[in-house]
Structure formats: C-alpha cells, structure tokens
Amino acid sequence: MSDVTPTLVALSRWSSSVRLEQVPLAAQHAAKRCMIDTLGVMLAGSHSDVANQARSISLAVSAAGHSALPGHAECLSAPAAAFVNATAGHALDFDDNCYPGVVHGSVVIMPAALAVTQMRDLDGAALLTAFVVGAECEYALAKALTRQLYERRWWTTGLLGVVGACAAACHALGLDAVRTASALGIALSSTAATKACFGTDAKALMAGRTSEAGVIAALLAEQGSRGPVDIVEHANGLAAMFNAGVLKALPLPGAHWNLLDPGVDIKRIPLCLSSHAAVDALKDLLGSGAVALTDIAEIICDVPPIVIQNLTHNSPTQRQQAQFSMPFAMASTCLLGDITLAALTPKIINRPDMQRLMQRVRLHSSDRWSTERLDQAPEGAWVKVVRTDGGSVEGFCARPLGSAVNPLSRAQLHDKFMACATPRMPAAQAQALLEYLEQLERIPRVRCLLPYSHALEQTDS
C-alpha cells in the first residue's frame with residue numbers, strides 16, 4: 001500500500017482547519033478585491049439572456065431558500081443560487097482569471113461560498129474565509145496538474161472549478177477533513193468541460209453548473225456520502241485521464257498564498273483575457289501619435305499559441321463571438337477608444353467600418369515565444385501597425401492593466417463595480433454594498449449583505 005497522502009486528503013486537512021486569523025492580511029485584501037469584482041459582474045450579468053434562462057429554470061424546479069440572487073428579489077436553495085449566480089457572473093465574460101490552471105476562479109467559488117454562508121446564516125468572516133479556502137485549494141491543485149491541462153484544450157474553469165466551489169462550501173459547512181476529502185472526490189467524479197463551449201451560452205452555464213456541483217457535493221458529504229479521495233492520482237482518475245499522467249507535487253496551501261503570488265487578474269475590459277495585452281499595446285501606439293486611424297493598412301499581432309487557440313472568431317457578428325475575437329478587439333480599440341459592455345451589441349459589432357477594419361487584422365505566433373518568454377508574458381503580444389505608406393510601428397505588452405503584476409487601482413476597481421452595479425440598483429445602494437464588501441470580515445450576518453441587490457428589477461437596455 002502506498003504511503004503517499006492523496007492530493008484531496010492533503011487539501012482537506014488544510015482547508016478544514018484554517019481560520020481567518022491565519023490568512024495574511026494581504027491575502028484577505030486580495031480576496032476582497034476578487035469578491036468585489038465578482039459581485040459587480042454578477043450584477044451586470046444578472047439580467048442577461050443566459051442568466052435569465054438559468055433563473056427561470058431554477059425558479060421552476062428548485063426550492064426556495066435563504067440564498068440571494070443579486071439583481072433579483074428571490075432567494076433560492078444554496079445549490080440553485082450558486083448555479084444562477086455563477087451563470088450571471090460569467091455571462092458577460094468580465095470576471096477574473098488566475099494563471100494556475102488558467103481558470104476563471106472567483107466566479108465559481110464566490111457564488112458557492114455566498115450561497116452556503118447565507119443558507120447557514122453565517123457572518124462575513126465566514127464568507128471571506130470560505131472564499132480564500134476555495135481559491136487556494138483550486139489554484140494549488142491547478143499548479144500540481146500544470147498548465148498542460150489547459151493546453152490540452154480542457155476548459156479548466158469547468159474542470160477544476162468544482163474543487164474551489166466545493167472546498168469553499170465545505171469550509172462554510174464546518175466539515176472535518178474526512179468529509180471534505182469525500183466531498184472533493186464526489187465533486188471531481190463527474191467534472192469535465194471542453195473549450196468547444198467558447199462563444200456560446202454553454203460557457204456561462206457550465207460555470208453555473210460547476211459552482212452548483214461543488215455545493216451539492218459538500219452537502220452530500222455532510223450527510224455521509226463518500227467519494228474517491230484518491231481520484232487525482234488514481235489510474236482511472238484526473239491526472240491519468242485528463243492530463244496524460246502529469247501530476248507534480250502539490251504545493252500545500254498556507255505555505256504559499258496563490259492569491260498573492262501569482263495573484264489574480266481582474267479584467268479592465270469585457271473581452272477574453274487573451275486579447276488584453278494586444279489591446280494595451282495597440283492603445284499605446286495610437287496614444288503616442290505614431291499612427292493615425294486613417295493610415296492603418298494592417299494590424300499584425302504576434303502572440304503565444306494559446307491566444308490563437310482561444311480567440312477563434314475572425315469575423316464575429318454577435319457579442320459572444322466578439323469577446324473571443326482578436327480582430328474585434330483591435331478594430332474596436334481603434335474605432336471606439338475603449339471597449340465597454342455597451343459596445344458589445346450587434347449594431348456596433350456589425351458596423352461597416354468595424355467589419356472592414358477587422359479584415360485588416362492578422363494573428364500569428366512566431367519563434368519569439370520561448371518557454372522563458374511565456375513565463376513572463378503568458379498571453380502577451382507584439383503588435384505591429386503597418387501604415388498605408390508602407391512604414392510600420394510596433395509595440396509590446398507582457399501583462400495588461402488589470403493583471404496581478406499591473407493591477408487596477410482601488411479607484412479603477414470601484415469604478416468598474418459601480419458601472420456594473422448601477423444598472424441594477426440606485427447608485428447610493430451600490431456604493432453602500434461596495435463599502436460593506438470592503439469591510440466584509442466585520443459584517444455580522446451575510447444574509448443582510450445583499451438587501452441592496454433586491455432593488456426593483458429593471459428592464460435591460
């Protein structure tokens with residue numbers, strides 16, 4: 001018999017015992033930034049078509065409960081609320097990313113943590129701790145599986161997100177290490193997601209289902225259900241079946257805080273993160289006056305292979321395609337100056353000048369992208385603008401504004417939150433909610449955190 005501790009057992013021993021006072025203040029601060037951003041984009045997406053569909057189904061088939069649906073008046077059972085809220089949070093693809101696993105972490109973890117802490121009527125410290133636990137467990141497992149998992153074309157948010165959601169839910173439920181390990185095993189037993197969902201409603205819905213699955217697994221384990229605690233290492237398990245057997249030593253959470261290093265990227269613009277470095281490089285070129293809009297003959301983007309793999313839509317006609325399109329990212333940066341949620345409409349995407357400029361964008365990956373370069377700029381970009389006179393200018397961006405090493409300022413994060421929240425509630429209520437989130441550990445009851453989300457429902461613009 002092997003004396004190696006299974007990965008899920010190691011994670012559960014840490015996650016079930018950690019307390020908020022053991023989490024460095026810097027990591028708590030980073031977690032609160034992620035939670036502010038996630039709740040903001042959740043509100044922004046709460047009335048999107050796909051979120052409305054998820055909510056409609058959940059209202060029809062799920063029990064009422066104490067877990068809120070931000071942007072709506074109803075409360076549902078914890079699993080149903082996690083499903084609806086994670087779907088809403090990912091509906092506009094404006095939520096954060098973390099490079100261990102290349103996952104949208106917070107959008108799956110926060111809805112699970114929020115739903116369970118509201119279900120059990122816990123305080124803000126419990127919510128914050130559950131979120132930290134979920135994030136650190138998911139990112140630690142992602143590191144052990146290496147970036148290869150994402151490069152093998154699995155959509156790691158759906159594949160690994162159940163670990164973050166489940167670990168957060170288990171901590172909020174107060175499960176011991178044995179039951180937490182079983183819950184994680186249950187959660188991973190049916191997990192899977194492919195990048196074929198990109199550009200479709202399935203992507204947001206799978207984020208929702210992943211968060212829901214994590215909550216259900218935790219609740220099942222609380223009742224005594226047992227799961228395969230060795231599923232990561234098992235011959236028929238996660239590493240073997242999904243990752244060609246690649247599994248490095250688990251970096252134990254608590255010894256290193258992934259929320260701080262490598263940190264989490266919070267999006268400045270509502271496009272796939274793979275386009276952000278190219279957008280910032282182009283903005284710098286345009287802002288320098290080195291090229292005028294009327295002089296652009298061609299825009300050439302030299303990017304890592306993973307960027308080409310992610311940005312599959314060269315001639316988008318609707319929002320979800322445009323968010324995964326480098327031609328749209330470049331053309332809209334030129335024509336609009338900046339990209340907002342309001343710009344992601346068929347009318348703007350199909351403007352004749354937008355479509356014409358998109359045809360001038362070229363995407364390729366050169367031998368510049370060595371392993372060392374990729375470590376420094378995993379989704380970086382060299383952007384060359386060729387002028388009509390034959391001359392050209394070139395710029396490089398390794399990490400865009402909003403990345404962990406080049407973070408949004410507090411004011412910029414607040415501006416993003418307010419822009420996302422105010423279509424769903426009055427500005428004064430949105431500001432109050434933001435201030436509550438900044439002092440989350442002092443909130444006595446999480447159920448009282450979101451009266452501000454129960455504003456009168458407004459019709460989408």
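The following exercises, each with a worked solution, concern a predicted model.

**Exercise 1. The open sheet**

Determine the strand order of the open sheet of 4 strands, and state which strands stand at its edges.

Solution. Begin with the order, which reads S4-S3-S5-S6, with mixed pairing. Next, consider the partners: strand S4 (361–364) and strand S6 (392–397) each have a single partner strand, so they are the edge strands, and one side of each is left without a neighbour in the sheet. From one strand to the next, the twist averages 15°.

Then turn to the pairing of strand S3 (residues 296–302) with strand S5 (residues 381–387), which is antiparallel and extends over 6 bridges. Within this pairing, Glu298 has Val386 of S5 as its bridge partner.

Finally, place the helices. Helix H12 (residues 276–287) packs on the sheet and touches S3, S5 and S6. The direction of H12 makes about 40° with that of S5. Helix H15 (residues 326–336) lies across S3 and S4, and runs at about 130° to S3.

**Exercise 2. Packing of two helices**

Describe how helix H2 (residues 25–45) and helix H6 (residues 124–145) pack.

Solution. Two quantities describe a pair of packed helices: the angle between the axes and the distance between them. For H2 and H6 the angle is about 95°, and the axes lie 10 Å apart. An angle of 65 to 115 degrees counts as roughly perpendicular, and H2 and H6 are therefore roughly perpendicular to each other.

The next step is to list the residues that make the contact. H2 contributes Gln28, Ala31, Lys32, Cys34 and Met35, while H6 contributes Leu127, Leu128, Phe131 and Val132. Sorted by character, the residues of this contact comprise 7 nonpolar, 1 polar and 1 charged.

**Exercise 3. The largest pocket**

Characterise the largest pocket by its volume and its lining.

Solution. The volume is about 800 Å³. Of the 33 lining residues, the closest to the centre of the pocket are Tyr99, Pro100, Pro262, Pro378 and Arg399. The elements that give two or more residues to the lining are H2, H6, helix H7 (148–151), helix H13 (305–310) and helix H18 (371–376). By character, the lining residues divide into 18 nonpolar, 7 polar and 8 charged.

Pro262 deserves a further step. This residue is found in the loop between helix H11 (238–242) and H12, and the peptide bond from Asp261 to Pro262 is cis, with omega near 15°.

**Exercise 4. The hairpin and positive phi values**

Describe the pairing of strand S1 (residues 64–68) with strand S2 (residues 75–76), and locate the residues Gly71 and Asp121, which have positive phi.

Solution. S1 and S2 run antiparallel and are joined by 3 bridges. Ala68 stands opposite Cys75 in S2. The hairpin formed by S1 and S2 has 6 residues between the strands, and in this hairpin Gly71 takes a positive phi near 95°.

Asp121 is found in the loop between helix H5 (106–119) and H6. Although Asp121 is not a glycine, its phi is positive, at about 55°.

Notes:
Residues numbered from 1 in each chain as written. Predicted model: local features only at pLDDT ≥ 70, side-chain atom pairs only at ≥ 80, totals over all residues. Heavy atoms only, no water. Pairing = 2+ DSSP bridges. Axes fitted to C-alpha atoms, helices over the stretch in contact; angles between N-to-C directions. Contact = heavy atoms within 4.5 Å. Parallel < 35°, antiparallel > 145°, perpendicular 65-115°, else oblique. Nonpolar A, V, L, I, M, F, W, Y, C, P; charged D, E, K, R; others polar. 1 Å grid on protein atoms, 1.4 Å probe; cavity = no way out; pocket = protein on both sides within 12 Å on 5 of 7 lines; lining within 4 Å. Points joined across faces, edges and corners; volume = space filled by probe spheres on them.
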